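Ready for some practice in reading a protein model? Keep the sequence and the 3D view at hand, and try each exercise before you read its solution.

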Amino acid sequence: MTQQPSELIDQHIASLNDWRGERLARLRTVINAADPRLKEDWKWDIPIWTASGNVCALGAFKDSVKINFFKGASLPDPHGLFNGGLNAKASRSIDLAKGDQIDEAALQNLVREAVAQNAGGR
């Protein structure tokens, strides 16, 4: 029986028994609350959110957590959240180290912008 994406994400978060698991769990909550059209998915062994296409992904690395926006280069970022992949043609990321804070409302706005862009609303 194939596992659902949400179950795979649960397992992934549980496997990170340090600050990264806690951070991914919180980011997941913030992302899911941003737009009702978002759907959790599991691709490339990482959590992905989709809505008429890929929106964003969460990755856990040795010393950081990364939120990657697949079409981030074309999204407005008035709060300056993007701090990674700034030279990439399409994507942008937000890299967070232990203890880094993020403006959750601004993150939700970025997610909403990405969803709207995928839906042709921008």
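**Exercise 1.** Is Asp45 buried or exposed? Find its place in the chain and describe its backbone too.

*Solution.* Before we start, remember that this is a predicted model.
- Step 1: Residues over 50% relative accessible area are called exposed.
- Step 2: Asp45 has 59% relative accessibility, so Asp45 counts as exposed.
- Step 3: Now look at where Asp45 sits: in the loop between strand 1 (39–43) and strand 2 (46–50).
- Step 4: Asp45 is not a glycine, yet its phi is positive, at about 60°.

**Exercise 2.** In which loop does Ser52 lie? Work through the steps you used for the previous residue.

*Solution.*
- Step 1: Ser52 is found in the loop between strand 2 and strand 3 (54–60).
- Step 2: The relative accessible area of Ser52 is 61%, so this residue is exposed.
- Step 3: The phi of Ser52 is positive, about 55°, although Ser52 is not a glycine.

**Exercise 3.** How many helices and strands does the protein chain have? Give their order as well.

*Solution.*
- Step 1: Count the elements, and you get three helices and five strands.
- Step 2: Follow the sequence from start to end, and the pattern reads α-α-β-β-β-β-β-α.

**Exercise 4.** Does the radius of gyration of the protein chain agree or disagree with that of a compact globule?

*Solution.*
- Step 1: For 122 residues, a compact globule would have a radius of gyration near 14 Å.
- Step 2: The protein chain has 14 Å, so the value agrees.
- Step 3: Along the principal axes, the C-alpha atoms fill a box of roughly 35 × 35 × 25 Å.
- Step 4: Of the 122 residues, 43% are buried.
- Step 5: Take the contacts with a separation of 6 or more; 51% of them come from residues 24 or more positions apart.

**Exercise 5.** How many salt bridges are there in the whole structure? Choose some and describe the partners.

*Solution.* Here is the idea to start from: side chains of opposite charge can pair when their charged atoms come close.
- Step 1: The protein chain carries 15 positive and 15 negative side chains, and the centres of these two sets are 5 Å apart.
- Step 2: A search of the whole structure gives six salt bridges.
- Step 3: One of them joins the side chains of Asp10 and Arg28, at 2.5 Å from N to O. Asp10 belongs to helix 1 (residues 5–15) and Arg28 to helix 2 (residues 19–34), with their positions 18 residues apart, so distant parts of the chain are linked.
- Step 4: Compare the covers of these two partners. Asp10 is partly exposed at 41%, whereas Arg28 is buried at 12%.
- Step 5: Asp10 and Arg28 also belong to a network of salt bridges with Glu40.
- Step 6: Glu104 and Arg26 form another salt bridge, at 2.6 Å from N to O. Because Glu104 lies in helix 3 (residues 104–118) and Arg26 in helix 2, the pair ties together parts 78 residues apart in sequence. Glu104 is partly exposed at 29%, and Arg26 is partly exposed at 40%.

**Exercise 6.** Which residue forms a salt bridge with Asp35? Sort both partners by accessibility.

*Solution.*
- Step 1: The partner is Arg37, and the closest N and O atoms are 2.9 Å apart.
- Step 2: Buried means under 20% relative accessible area. Asp35 has 7%, so Asp35 is buried.
- Step 3: Arg37, with 49%, is partly exposed.

Technical notes. Residues numbered from 1 in each chain as written. Predicted model: local features only at pLDDT ≥ 70, side-chain atom pairs only at ≥ 80, totals over all residues. Heavy atoms only, no water. Helix = DSSP H or I, 4+ residues; strand = E, 2+ residues; numbered from the N terminus. Rg over C-alpha atoms; globule rule 2.2 N^0.38 Å. Buried < 20%, exposed > 50% of the residue type's maximum accessible area, 1.4 Å probe, protein only. Contact = heavy atoms within 4.5 Å. Lys, Arg positive; Asp, Glu negative; His and termini not counted. Charge placed at Lys NZ, Arg CZ, Asp CG, Glu CD. Salt bridge = Lys/Arg side-chain N within 4 Å of Asp/Glu carboxyl O.
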